[in-house]
Amino acid sequence: MTATDGRVHYQTTTTGNGAADHDFATCRGKIPLFATICFLAWPASLTWVIITTVHKSHTPELPDFSLVSVSTTVRHILESKHHVTMDMNVSFRVHNPNKASMAFQGMKALAFQGGDPDVLPGGLSINGATTDDFEQLGARRSTKWFTLHNTTAAIDAWVDSEGESGKSSGKSLGLRFELRGDALYKGKSNWSKQKIPITVACDEVDVLFSSNINNVTSNATRAVAFEPMECHVYGLWGEVRNKIDYATAAGLSVLGVDSLACLMLIVFALIILPVRIEQ
């Protein structure tokens, strides 16, 4: 306030909060835009999660296979070339986790010896069994046997032992087993690929065989049972379900972020904004 010519004059000053007030007004003006984006994104992300969940529920799960036991019956041992020819019976525990039954068609068992799984995943195929068809009921477990006849494998070393029947010879061979065939899901589903090829790949196990050292042609039988060793199962259903899991996780992340943003917007609009206006 200044006094000149006997009159009182008032001078307006800036308080310094003008910039903050301008930013607040700008933010308040954008609330409708933020609200529109928030409340459009939330139902969109929720719909995405629902769609992926429904899609997964209509995609069958891959079956589970576990290697249970291997028995060998020696047919011939060629010591000069360090080879043994034998029949092998390999058993797998099969689990169908789906509600409906699943048929397995043309399932073929193979044995592999040698090879680096990281460089040559298949290794050297030493035998393939005759194909077999079977069916597994939903949510059930059963044991399935496969026979590999006249399997010839290389002998790495001998292990001698003394038993009640005299001196005997034994060896553990490192072998890997695979099953290959088709899986057919018989449930009610809109999934177009109800029949797919699958591969069951098991880790290497020690397969034992034994024979009388003085009788190189022998029918000596030896069986080895393991704790069920879970095998790797590959097929289109597993790939699709993995992609759906990633898509669902992404949708849930967006839904969570959007829900938090909507909550912050509501707090700002209903609590902070009225208080600031009153000030």
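Me: What share of the residues of the protein chain count as buried, and what makes a residue buried?
Reply: In this predicted model, 37% of the 279 residues of the protein chain count as buried, and the word is used for a residue whose relative accessible area is under 20%.

Me: Which buried residues touch the most other members of the largest nonpolar core, and which strands supply the core?
Reply: The largest nonpolar core has 41 residues, and F65, L67, M88, F92, F104 and F177 touch the most other members. At least two residues of this core come from each of β3, β4, β5, β8, β10, β11, β12 and β13. In soluble globular proteins, nonpolar side chains tend to be buried together.

Me: What is L67 in contact with, once its neighbours within four places in sequence are left aside?
Reply: The partners of L67 include V90, F92, F177, V205, F226 and M229, and C202 and C231 are also among them. Contact here requires heavy atoms within 4.5 Å.

Me: How do you know that C202 and C231 form a disulfide?
Reply: Their sulfur atoms are 2.1 Å apart, and a pair of cysteine sulfur atoms within 2.5 Å is a disulfide, so C202 and C231 satisfy the rule. By this rule the count comes to one disulfide. The pair ties together parts that are 29 residues apart in sequence, because C202 lies in the loop between β11 and β12 while C231 lies in the loop between β13 and β14. Both C202 and C231 are buried.

Me: Why is the disulfide of C202 and C231 called right-handed?
Reply: The disulfide is called right-handed because the torsion about the S-S bond of C202 and C231 is about 90°.

Me: What is the order of the strands in the open sheet of four strands, and why is one side of β8 and of β13 left without a neighbour?
Reply: The order is β8-β4-β3-β13, and the pairing is antiparallel. Because β8 and β13 stand at the edges and each has a single partner strand, one side of each is left without a neighbour in the sheet. From one strand to the next, the twist averages 15°.

Me: How do you know that β3 and β13 pair?
Reply: Two strands pair if there are at least two bridges between them, and β3 and β13 have seven bridges, in the antiparallel sense, so the condition is met. In this region S71 stands opposite A223 in β13.

Me: How many aromatic pairs does the structure hold, and why is the pair of F92 and F146 called edge-to-face?
Reply: The structure holds five aromatic pairs. The ring centres of F92 and F146 are 5.9 Å apart, which is within the limit of 6.5 Å for a pair, and the angle between their planes is 80°. Planes over 60 degrees apart count as edge-to-face, so the pair of F92 and F146 takes that name. F92 is in strand β4 and F146 in strand β8, 54 residues apart, and both F92 and F146 are buried.

Me: What makes the pair of F104 and F134 stacked?
Reply: The pair is stacked because the planes of the F104 and F134 rings stand at 25°, with the centres 4.9 Å apart, and planes under 30 degrees apart count as stacked. F104 belongs to strand β5 and F134 to strand β7, 30 residues apart, and both F104 and F134 are buried.

Me: Which residues form one aromatic cluster?
Reply: The cluster is formed by F65, F92, F104, F134 and F146.

How values were computed:
Residues numbered from 1 in each chain as written. Predicted model: local features only at pLDDT ≥ 70, side-chain atom pairs only at ≥ 80, totals over all residues. Heavy atoms only, no water. Core = buried A, V, L, I, M, F, W, Y, C linked by side-chain atoms within 4.5 Å. Buried < 20%, exposed > 50% of the residue type's maximum accessible area, 1.4 Å probe, protein only. Axes fitted to C-alpha atoms, helices over the stretch in contact; angles between N-to-C directions. Phe/Tyr/Trp six-rings, centres within 6.5 Å; stacked < 30°, edge-to-face > 60°.
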